[in-house]
Structure formats: C-alpha cells, structure tokens
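Biologist: I have a model open and would like to learn how to read it. Could you walk me through its features one by one?

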Amino acid sequence: MTVEFDGVGIRLGGAEIVRDVSFAVPRGRVAGLLGANGSGKSTLLRALYGAVRPHEGEVRIDGVPVPRLRPRERARKVAVVLQDTMIDADMTALEAVLLGRTPHGRGFGADRAADLRVAHGALDRVGAADVAGRPLSALSGGYRQRVSLARAIAQDGEVLVLDEPTNHLDIEHQLELMHLVADLGRTTIAVLHDLNLAAAHCDTVAVLHRGGLAAVGPPRDVLTPGLVREVFAVDAITLTRPDTTAPVLAFDRAVPRTEDVPASRTEPEPRDASSPAGPSSRPAAGPASPRPAAPPPRAH
Ligand SMILES: Nc1ncnc2c1ncn2[C@@H]1O[C@H](COP(=O)(O)OP(=O)(O)OP(=O)(O)O)[C@@H](O)[C@H]1O
C-alpha cells in the first residue's frame, strides 16, 4: 500500500505543529521520519493512523484519505507500534500480541486457534517466544518493545507505523529489528533518532524541521553535513562504507542553533475538526527526489 502525505498541516492547542508536509512512501518501502525533538514527527504519524485530523491537506493510504476509512478497516491496514504504551498492562506477552488480531475477529472466540498460531508465530519472529507466558510488567523495556512489534506483525496491516522502535533495544536487537522490518515487506514509516540506523536501513528519509519538511529522498542525498548542521545543530562529516557504499555520519560537536522564532499562534479553527479535510491539488513529492525546504517558524 502506498502512503501519501499531501500538503499536511496539523494544529494542536492553537499552534501549527505540522505545516505543508508532502511526501510519498511507495508500497513495501521503508521510510525513516527524522528530526530533532519536538519537530512534529509523532504528530505527523498520528495523522496517518487517524488519531489527529489535519486542518489542511490529507494523508492517503492507497489513494483513500485516512478519515474515510472506518476504524476497523483502518486497523486492518495500519499497525502501529508506539513507545512503551503497554508498560502497565496487566496481561501476558501472548495476550498482548493477540490484541493485534482484534480487527480480524469474526466473533468472540471464533478464530481462537488460528489467532493463537499467528500470535505465537509473531512472537517467534521477534525473538520473544520464550516470554509468551510472562506478564508484560515483568519484562524488560527491550522485550516489551519486541512484544509490541509482534502485536503489529500479528495485526497484519500492510502499513507499519513505528515511533522510535529501537528506543529500548541494545545494538544487536536494534539491527535485528531493522532487518526484520525490511524483511516484512510492508510499507513502513519509522521515527528514528539514530541517523546512521536510518541511513543504513531506510529506502528514503523525510526530515522534519520545526514542523515543516526540510528534505526528503534517499539517505545518501538527504543526510548531508549541511542538513545535519541546520536541522540537528551538530557538525558532522559523511563517510562511505567501503562494502555497501552506504553513507555513515561521523559527528563532531554541537553547534549553536539558529535562533528560534516564537511560536506561531493561529486564530481559532476555521473548520469543524470533525469535517473531512478538503481535497488538495498539491502533488505529493516522491521520495526519489531530495527536496530542501526553508524551515518554517518553530511551532512551540
Ligand atoms: N496535544 C497537543 N497540544 C499542543 N501541543 C502539542 C500537543 N501534542 C504535541 N504538541 C507539541 O507539538 C510539538 C511536536 O510534538 P511531537 O511529539 O510531534 O514532536 P516529535 O518530533 O515527535 O518529538 P520527539 O522527538 O521529542 O518525540 C511539540 O512542541 C509538542 O509540545
């Protein structure tokens, strides 16, 4: 399934958090969503899984605007892994993974055997089969993260949304997770803070800066020292891996940020938040072309 962000703008609490973001992720490709803290990455993802509605532009899945999908239909298409949301849940790892089967259920208990097979398979795939019967509260952060991914695998959506999926993982499991995600073959959008992980494992990266799209395209074209300095306020040089020719960033030191512009406060919402976003005539930028963009004012 193709995911398109088309001129997306999102307001929260009267401030414009995301503005005019356009890019597309082709079917089966892995996109990294990058940007400094507070740049709007999670907010943009929320529009993809229907938790916020853009005030302008739209997010489309296979050409269908997200608000037009019914919740159950959306849940079958889009599997979401957020940061450690299951920490207090009073259930076992297997029960948590079985939750991923809910959108596929035909009735209470009807598919129990098949669902159990899928859930065990998903736990196996993320290397967490050994903790199936343990309560989530007794698992380490890394295992909980893997169980979350297993739930998303069991959910079987063709679109996978990951918000900082490698957060709690040691280096071995970070790499395993990125390879696993690539092997799943799903259209994936992952918020990543590790630029080198993104450079090595993403087909395309989209960089948010103060709510706007600073650049989008293949990591090699986007993650230049100039962009890293501007967006992340760090000096870096780009090296090339001799074996794969993938870019590797070597960081030097933080540099002063360009002065923050005060928050852009907006007038009250002109549109009823429950009404669908109007169609946008702006084309979504394809991921193949790196697109530098002037940073808009900071939204917070
Ligand atoms: N419900 C809300 N109301 C008002 N402002 C919000 C709301 N949710 C988020 N924000 C603000 O929007 C901005 C972007 O937040 P968001 O979580 O999308 O950024 P992020 O890039 O994912 O950050 P991080 O890397 O720190 O997780 C922040 O300044 C945040 O305070």
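Modeller: We will go from the overall make-up to the sheets, the core, the helices and a few backbone angles. Please keep in mind that this is a predicted model.

Biologist: Let us begin with the whole chain. How many helices and strands does the secondary structure come to?

Modeller: An inventory is a good first step. Here the protein has nine helices and 12 strands. It has 300 residues, of which 44% count as buried. You can also ask how far apart in sequence the contacting residues lie. Among contacts with a separation of 6 or more, 71% are between residues 24 or more positions apart.

Biologist: Now the sheets. In what order do the strands of the open sheet with mixed pairing lie?

Modeller: Read a sheet from one edge to the other, then check the sense of each pairing. This sheet has six strands in the order S6-S7-S8-S3-S9-S10. S6 and S10 are the edge strands, each pairing on one side only. On average, neighbouring strands are turned by 15 degrees against each other, direction ignored.

Biologist: Which pairings in it are parallel and which antiparallel?

Modeller: Take them in turn. Strand S6 (residues 78-81) pairs with S7 in the parallel sense over four bridges, and Ala79 has Leu160 in S7 as its bridge partner. S7 is also joined to strand S8 (residues 187-191) by five bridges, again running parallel; Asp163 is matched with Val191 in S8. From S7 the chain crosses through helix H6 (residues 171-184) to S8, and this β-α-β crossover is right-handed. S9 and S10, by contrast, run antiparallel and are joined by five bridges, with His209 and Gly212 as bridge partners.

Biologist: Is strand S7 mostly covered or mostly open?

Modeller: For a strand, look at each face separately. S7 (residues 159-163) is mostly covered, with five of its five residues buried. Val159, Val161 and Asp163 lie on one side, while Leu160 and Leu162 lie on the other.

Biologist: What about the open sheet with antiparallel pairing?

Modeller: That one has four strands in the order S2-S1-S4-S5. Its edges are strand S2 (15-25) and strand S5 (64-65). Inside it, five bridges join strand S1 (residues 3-12) to strand S4 (residues 56-61), and Val3 stands opposite Ile61 in S4. Helix H1 (residues 41-48) packs on this sheet, touching S1, S2 and S4, and its direction makes about 115 degrees with that of S1.

Biologist: How many residues of H1 are buried?

Modeller: Seven of the eight residues of H1 are buried. The list includes Leu44, Leu45 and Leu48, and also Lys41 and Arg46. Just after H1, Gly50 takes a positive phi of about 80 degrees.

Biologist: How should I think about the core?

Modeller: In soluble globular proteins, nonpolar side chains tend to be buried together. Here the largest nonpolar core has 78 residues, and Leu33, Leu48, Ala93, Val97, Ala150 and Val161 touch the most other members. Helix H5 (residues 141-155) gives the largest share of this core, seven residues. Leaving aside residues up to four places away in sequence, the contacts of Val97 include Ala119, Leu123, Val147 and Ala150.

Biologist: Which residues are buried in helix H9?

Modeller: For a helix, look down the axis. In H9 (residues 225-232), Val228, Val231 and Phe232 are buried. These buried residues fall within an arc of 85 degrees, so they line one face of the helix. Their cover includes strand S9 (204-209), strand S10 (212-217), strand S11 (234-240) and strand S12 (247-254).

Biologist: Finally, which residue with a positive phi follows H9?

Modeller: Check the residue type, then the surroundings. Ala233 has a positive phi of about 55 degrees although it is not a glycine. Its place is in the loop between H9 and S11. Ala233 is partly exposed, with 14 other C-beta atoms within 10 Å. Thr245, also not a glycine, has a positive phi of about 65 degrees. Thr245 is found in the loop between S11 and S12 and is exposed, with 8 other C-beta atoms within 10 Å.

Definitions and conventions
Residues numbered from 1 in each chain as written. Predicted model: local features only at pLDDT ≥ 70, side-chain atom pairs only at ≥ 80, totals over all residues. Pairing = 2+ DSSP bridges. Helix = DSSP H or I, 4+ residues; strand = E, 2+ residues; numbered from the N terminus. Contact = placed C-beta atoms within 7 Å. Axes fitted to C-alpha atoms, helices over the stretch in contact; angles between N-to-C directions. Buried ≥ 20, exposed ≤ 12 C-beta atoms within 10 Å, placed from the backbone. Core = buried A, V, L, I, M, F, W, Y, C linked by C-beta atoms within 7 Å. Right-handed = clockwise from strand over helix to strand, strands pointing away. Arc of directions from axis to C-beta.
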